[in-house]
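This report covers the overall fold, the aromatic contacts and the main pocket of one protein model. The sequence and structure come first.

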Amino acid sequence: MTLQNLFHEKPTKLWNERMVKHGDELFTEERLLMSDQALDTYLHQLIALQETKDSKRMMKAVEEVVLRFNEMNEANGYFIETMEREELADFIDKAARLAGLDIQEDEDITEEWREW
């Protein structure tokens with residue numbers, strides 16, 4: 001598994017399936033597009049930092065993506081609920097680990113900034 005693979009495993013894929021197949025009204029095309037863009041930016045940041053193993057800058061990327069989702073969630077009717085929160089936090093964590101960030105097994109790296 002590489003960071004490149006994660007572009008095809010974003011939680012937005014699951015969210016889109018729930019919107020299309022199950023009529024889940026939490027999601028709209030706009031919300032999915034904004035979420036995809038935020039996650040793409042995050043992955044690109046980690047890819048750029050992967051060689052340097054700069055943990056401070058990696059955590060800054062985590063902070064930025066979490067804060068961006070805080071803003072999007074508030075501005076768009078609070079579309080991140082329990083299942084989405086878990087999927088999103090797991091994705092952010094998995095990407096950071098793949099980039100080389102040393103994270104303890106039970107640590108939630110999003111919790112410090114997360115409002116969703």
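## Aromatic contacts, fold and pocket

W15 is buried, with a relative accessible area of 0%. The model that gives this value is predicted. F79 is likewise counted as buried, at 1% relative accessibility.

The fold around these residues is helical: the protein has five helices and zero strands, in the order α-α-α-α-α along the sequence. The C-alpha trace spans about 40 × 25 × 25 Å along its principal axes. The radius of gyration is 14 Å, which agrees with the value near 13 Å for a compact globule of 116 residues. Of the 116 residues, 43% are buried.

Three aromatic pairs are counted in the protein. In one of them, the ring centres of W15 and F79 lie 6.4 Å apart with their planes at 80°; planes over 60 degrees apart count as edge-to-face, so the W15 and F79 pair is edge-to-face. This pair joins distant parts of the chain: W15 belongs to helix α2 (residues 11-22), while F79 sits in the loop between α4 (55-75) and α5 (82-99), 64 residues apart. Ring pairs also bring F27 into a cluster with W15 and F79.

Another edge-to-face pair is formed by F69 and W116, at 6.4 Å centre to centre and 65° between the planes. F69 is in helix α4 and W116 in the segment after α5, so this contact ties together parts 47 residues apart in sequence. Both F69 and W116 are buried. W116 has a further contact: the charged end of R114 sits over its ring, 5.6 Å from the ring centre.

The table sets out the two edge-to-face pairs described above.

| Pair | Centre to centre | Angle between planes | Separation in sequence |
|---|---|---|---|
| W15 and F79 | 6.4 Å | 80° | 64 residues |
| F69 and W116 | 6.4 Å | 65° | 47 residues |

R114 also appears in the lining of the largest pocket. What is the volume of the largest pocket? The volume is about 160 Å³. Besides R114, the lining includes R85, E86, A89, D90, D93 and R97, and also E105, D106, E107, D108 and I109. How many of the lining residues are nonpolar, polar and charged? Two are nonpolar, none is polar and 10 are charged.

R114 thus appears in two settings: its charged end sits over the ring of W116, and R114 is one of the residues lining the largest pocket.

Methods. Residues are numbered from 1 along each chain as its sequence is written. This is a predicted model: local features need pLDDT of at least 70, side-chain atom pairs count only at pLDDT 80 or more; totals for chains, interfaces and linings use all residues. Side-chain values use heavy atoms; hydrogens and water are left out. Rings of Phe, Tyr and Trp (its six-membered ring) pair if their centres lie within 6.5 Å; planes under 30 degrees apart count as stacked, over 60 as edge-to-face and the rest as tilted. Helices (H or I, at least four residues) and strands (E, at least two) are DSSP runs, numbered from the N terminus. Buried means under 20% relative accessible area, exposed over 50%, partly exposed in between (1.4 Å probe, protein chains only). A charge sits over a ring if NZ of Lys or CZ of Arg is within 6 Å of the ring centre and within 35 degrees of the ring normal. On a 1 Å grid over the protein atoms alone, a cavity is a set of points where a 1.4 Å probe fits but cannot get out, and a pocket is an open set with protein on both sides within 12 Å along at least five of seven lines; lining residues have an atom within 4 Å of a point. Grid points are joined across faces, edges and corners, and a volume is the space filled by probe spheres set on the points. Ala, Val, Leu, Ile, Met, Phe, Trp, Tyr, Cys and Pro count as nonpolar, Asp, Glu, Lys and Arg as charged, and the others, Gly among them, as polar. The radius of gyration is taken over C-alpha atoms; the globule rule is 2.2 Å times the number of residues to the power 0.38.
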